[in-house]
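User: I would like to learn how to read the features of a two-chain model. Please take them one at a time.

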Protein chains: 2
Amino acid sequence: MTEHKLQPLAHAIRFLSIDAIVRATEGHQGVPLGMAEIATALYAGHLRFNPDEPTWWDRDRIVLSNGHGSMLLYSLLYLTGYQHITLDQIKGFREFGSHCAGHPEYDPELGIEVTTGPLGQGIANAFGMAVAEAYLNARFGDGLVNHRTYAFVGDGCLQEGIGQEMISLAGHLRLSKLTLLWDDNQITDDGKTELSITENVAERFRVAGWNVIEVDGHDIDAVSQALNAVQTADRPSMIACRTIIGRGIPRVQGQRGGHSARLFDEDAKAARELLKWPHGEFDVPAEILSPWREFGRRNNSACSDWKQRVAALPAADKAEFERVMRGELPAGWQDVLQAFKRDALKPEHAQGGILISAAINKLLSDIIPERMVGCADLEAPTAHKGPLAAFTAANRGGAYVHCGVREHLMGAMANGMAAHGGVIPLSVTYLAFSDYERPAMRMAALMGLPVKYVFSHDSIGIGKNGPTHQPVEILASLRAMPNMLVMRPADATEAVECWEVAMQHQSGPVSMVFARQMLAPVREVFSEDNLSARGGYVLREAQCGQRQVTLLATGSEVVIAKEAREKLEAQGIATAVVSLPCWELFDAQDASYKETVLGSDVVRVGVEAAVRFGWDQYLGSRGGFIGMPGFGAPGPADVLYRHFNITSEAVVLEATRLLATTGIHSA
Amino acid sequence: MTEHKLQPLAHAIRFLSIDAIVRATEGHQGVPLGMAEIATALYAGHLRFNPDEPTWWDRDRIVLSNGHGSMLLYSLLYLTGYQHITLDQIKGFREFGSHCAGHPEYDPELGIEVTTGPLGQGIANAFGMAVAEAYLNARFGDGLVNHRTYAFVGDGCLQEGIGQEMISLAGHLRLSKLTLLWDDNQITDDGKTELSITENVAERFRVAGWNVIEVDGHDIDAVSQALNAVQTADRPSMIACRTIIGRGIPRVQGQRGGHSARLFDEDAKAARELLKWPHGEFDVPAEILSPWREFGRRNNSACSDWKQRVAALPAADKAEFERVMRGELPAGWQDVLQAFKRDALKPEHAQGGILISAAINKLLSDIIPERMVGCADLEAPTAHKGPLAAFTAANRGGAYVHCGVREHLMGAMANGMAAHGGVIPLSVTYLAFSDYERPAMRMAALMGLPVKYVFSHDSIGIGKNGPTHQPVEILASLRAMPNMLVMRPADATEAVECWEVAMQHQSGPVSMVFARQMLAPVREVFSEDNLSARGGYVLREAQCGQRQVTLLATGSEVVIAKEAREKLEAQGIATAVVSLPCWELFDAQDASYKETVLGSDVVRVGVEAAVRFGWDQYLGSRGGFIGMPGFGAPGPADVLYRHFNITSEAVVLEATRLLATTGIHSA
């Protein structure tokens, strides 16, 4: 098809977008109007997709990284025939309950591969998708996994640090099936891009080893030729498309207001005159809709050929491929964990918390090959590489990604992997650096993606590196995040229980937080049940009488609570120790279980080498807390615990003080 | 002095570092051993500093961005004669209480310009310092402010997104007095840099418009010549210094272990043999210490000349310059705020929360010219530019920095400005994007820097942009951070009160959080006192009897609590409304004030369009909460408030339910 024939199809994107934005009274017209030809070129002749089977496994992935321009995506989904994105849905753009939300919200069934909006996340997700594809391609071969990843991207995503991290690492890894389509419109929200950038963006990509093609973004043939050219590139490609923001609306095109200034009926009218578009509001006539729908069917045979190849696989291969694609864990995967757990009570299993996690990670590496581990230049101190080979430009079979010192990219890469499916991503760094990764973690929680994080060096227990590296507030800040499980195991038994839960948890991300320092066994009796799966449980019940005191602790402080209990019991104060490895799971238990664990008519004292923030929900109005008053300090761990008064003596003092000031029955 | 004579001086850095690290049993030798010659070249002939007056205002600023290599800095401070960094302090390296902490901790009196460790922060701080210097230079002239900013930097800082953001914007702004000294040792913690990067880093800087000079980092003369060359560059400079990591220790030099593998006595001995260093442990003989101390005195006359110039200023100019340098606010600065406050009760002052803040910001822009405002490409919707000109390559007198879509850099820039002094930085973006800035905010809190943040779009009240842009957990995550004031004003009166507190607050950062949507006056009576300065106060006392219910709310939900109070009072339930604009300030009040405000033997219900996390400390064991159960949704604000049941009706129901289930006295 020549450009001449496709131009009206591009205009259909424009007018659907204009009409929806005018109706919603807000929206971002810049992207859909500026990228209409680019998108048309991609969908008409290149993108491997199937609106009838939106989740076809071997489809190309497409990310709208400039997610504010969501009407571009909704227009494309409607025009190509995704059943859930109807004209009515588009008419409800930005209204409550519409599939056409202000920003695209992850739902592969709708045709939305990932939630975007916070800038830079989308292209980093696309990077993760391309890594997942390359890894699965190496494992399953071209016949089963052989697709590309495309991302629409604006200036904002490329200014963000995470975008720059992506450019650097994607070039390094030579992810040749990754293609960015840059909407080079020279405008951001503040106005001309020259307000904040002068560097040659194309050159910046070239320095990082990308294949860069510069085209007129309103020339459908030129974009299409560029898309042809990238198919054979041995490097990731960036197609720099010079465009006019808001193209088609005389009042705002090419200007700052083209980005998101409010549009009115007169703008829609003026655009219709300028572009000679005779059709009414939300009217896509058959002669335009029909070729769009044809594009939607363009890959039908490719899709059915792929299905035939899957069907023709030997039964075991087919089952394994389908298991991996569905994200199911292999039969019997828990056996190694159970075996580990049976051993975990032995004193010789006392070791650095992060090394306990590393041992479990290693066990799973052997039996769940679809796990991919990313780490931000802390391979040695976090030790989660284990037997994995590195994923490199030369070895796509490696499952360990050396992310470099790029935590933010690492987190967003994991989101892309999880959204892609077929791999189970794990990100590893120090807890203090989770803040760098946090914007991506928030997206994982929001999307409900089953991403796993392991964070090491979880408190002042790291010692001499000092307060920059000592998290005190980060447990609280992660616990505050909706849909994020935060686990802080106290010993090897809890560690393996938490890992088991984390591997099974599908509806959102899980942060597993480990001490750097030694964790000796605190669990005394082997339990077939996964006690950590309830989030909190009575580790040691009161012995010398009816419970007067409940000590609640997590992680490396459980042992302090246990010591304090011994001392209190020796004084005749009946004291229980509750371990709370995962607050979110505990909160989900029924009220009577929670009350049994927490104890009623008792004094409760929380113990955690972190700030109190959030703890009061468990401590009640007469509760006490032994923890950090603020940031940490440099020095050896034992000195710091004493300095900050996080000791069994302090716990005993606090419990007895509170007992004296309340009416709790004495033994 | 020729290289030949300086080489032993560089070795003095090496051996102090080796001896300290061996003694501490841990540390990072890579930087001090690899950068010894670089640092010697800088301090011997170029850096403008004065150990006798560490806080001399017109000194050059020097940042150790690769802060793990802290022994490099401590060695330099000792050798050049900073009085607090003694040999004894160095012998206490990494021990509790030593000035020589694991990572450098901000203390200008010691000679430590900024806390570093989390990678990328330091060079972004240096960027902020260079911006501050350029701005102050434009205002006060070369005679008073004319110094350079240097940063030592490793590969990690340059891989981090924040580092890349800095490279891009510093090049754009042509910060010619900013110089990076890159320790190009081709090794990171994981091993060779080629594990995670292949791009030509020098080229990446050149693309961004930097002056790049590549030298042998162990050639003191070559580094010195490069440092000469950068003095006249019209662009920021990066001196790429090829080095050997851990140089001098045969077992680890040039290898991964050079970074931070544990060193032993034998390593120290082998290094002494290799480098022919005859001196004992911690022994810096006079013939080496003496020239180092001479370097420390090198700028004495420049310093005294500068003092004379200051002394010779006309009295008013001198007073103004010294006021600005001390960070004192101008006399009478509060007058405009008081005037604003007197007007703020009027209904016509109902406007978008962020616009109220913008109006106050504008008032202060006129009378406190040392304020600098950075914003991450949200000038229009946050409206905090006001009358300020843009700070650009051509206009150093502008006080508004268009940061581009680079929130993380913006935050770290503010830290650098505050650490530099003489300017009062304010960072502006949406609350949802504060996560991007958070690692820098944590550093501000840790250093106790008086950085101000304004965050707009603070809840589901933003409406149609949807959950990506709707903070629900971010208030809690900021409140969890030690030494961070978090303020969420309810109306124009509270806004101006919070601004007043924020401007006066010197011991740490302040986050002021504003609604996008309309905030109508909730305060009914003008108060001379700053009620918000107490963090929380009784906005409306119970009227129909002894208080039975306390409704606690912040920001845009205070009006909902007030509506609920009217309804409860109409039912004969005596209800007070407490506004809690700043938890941290409230927590600092005495117990009796807090009890008076919160009420005893009452039912308390919190109301905030955010998650409950953290609220229980105020609600007590029989408290209730009306807020968000998790992430938000797209749709109009009013629809969302109803959908999530954040309404006065819901507050009334919760209060009456709780009253019925507790033994609270009835009216």
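**Reading the two copies**

Analyst: Of the residues of chain B, B:G161 comes closest to the rotation axis, its C-alpha lying at 1.7 Å. This is a predicted model, in which local features need pLDDT of at least 70 and side-chain atom pairs count only at pLDDT 80 or more, while totals for chains, interfaces and linings use all residues. Residues are numbered from 1 along each chain as its sequence is written, chains are lettered from A and ligands numbered from 1 in the order in which they are written, and side-chain values use heavy atoms, with hydrogens and water left out.

User: By what turn and shift can chain B be laid on chain A?

Analyst: Two copies of a chain are related by a rotation about an axis and a shift along it. Here a turn of 180° with a shift of 0.0 Å along the axis lays chain B on chain A with an RMSD of 0.0 Å (least squares on the C-alpha atoms of residues with pLDDT of at least 70 in both). The two copies are thus related as by a two-fold rotation axis.

User: How much area do chain B and chain A bury between them?

Analyst: The size of an interface is often given as the accessible area lost when the parts come together. Chain B and chain A bury about 8,000 Å², 56% of it on carbon and sulfur atoms (accessible area lost, 1.4 Å probe, summed over both parts). B:F96, B:R442 and B:F613 supply 10% of the area that chain B buries against chain A, more than any other three residues. In contacts (heavy atoms within 4.5 Å), 96 residues of chain B meet 96 residues of chain A. The copies meet through the same surface, because 100% of the interface residues of chain B are also interface residues in chain A.

User: Which domains does the assignment give for chain A?

Analyst: The bounds, from an automatic or database domain assignment, are domain 1 (7–303), domain 2 (335–519) and domain 3 (535–661). The C-alpha centres of domain 1 and domain 2 of chain A lie 33 Å apart. Between them these two domains of chain A bury about 2,700 Å², 69% of it on carbon and sulfur atoms.

User: Is helix α4 of chain A buried or exposed?

Analyst: Buried means under 20% relative accessible area, exposed over 50%, and partly exposed in between (1.4 Å probe, protein chains only). Eleven of the eleven residues of α4 (residues 70–80) of chain A are buried, so this helix is largely enclosed by the rest of the structure. Helices here are DSSP runs of H or I, at least four residues, numbered from the N terminus. Just after α4(A), A:G81 takes a positive phi of about 105°.

Definitions and conventions. Helix = DSSP H or I, 4+ residues; strand = E, 2+ residues; numbered from the N terminus.
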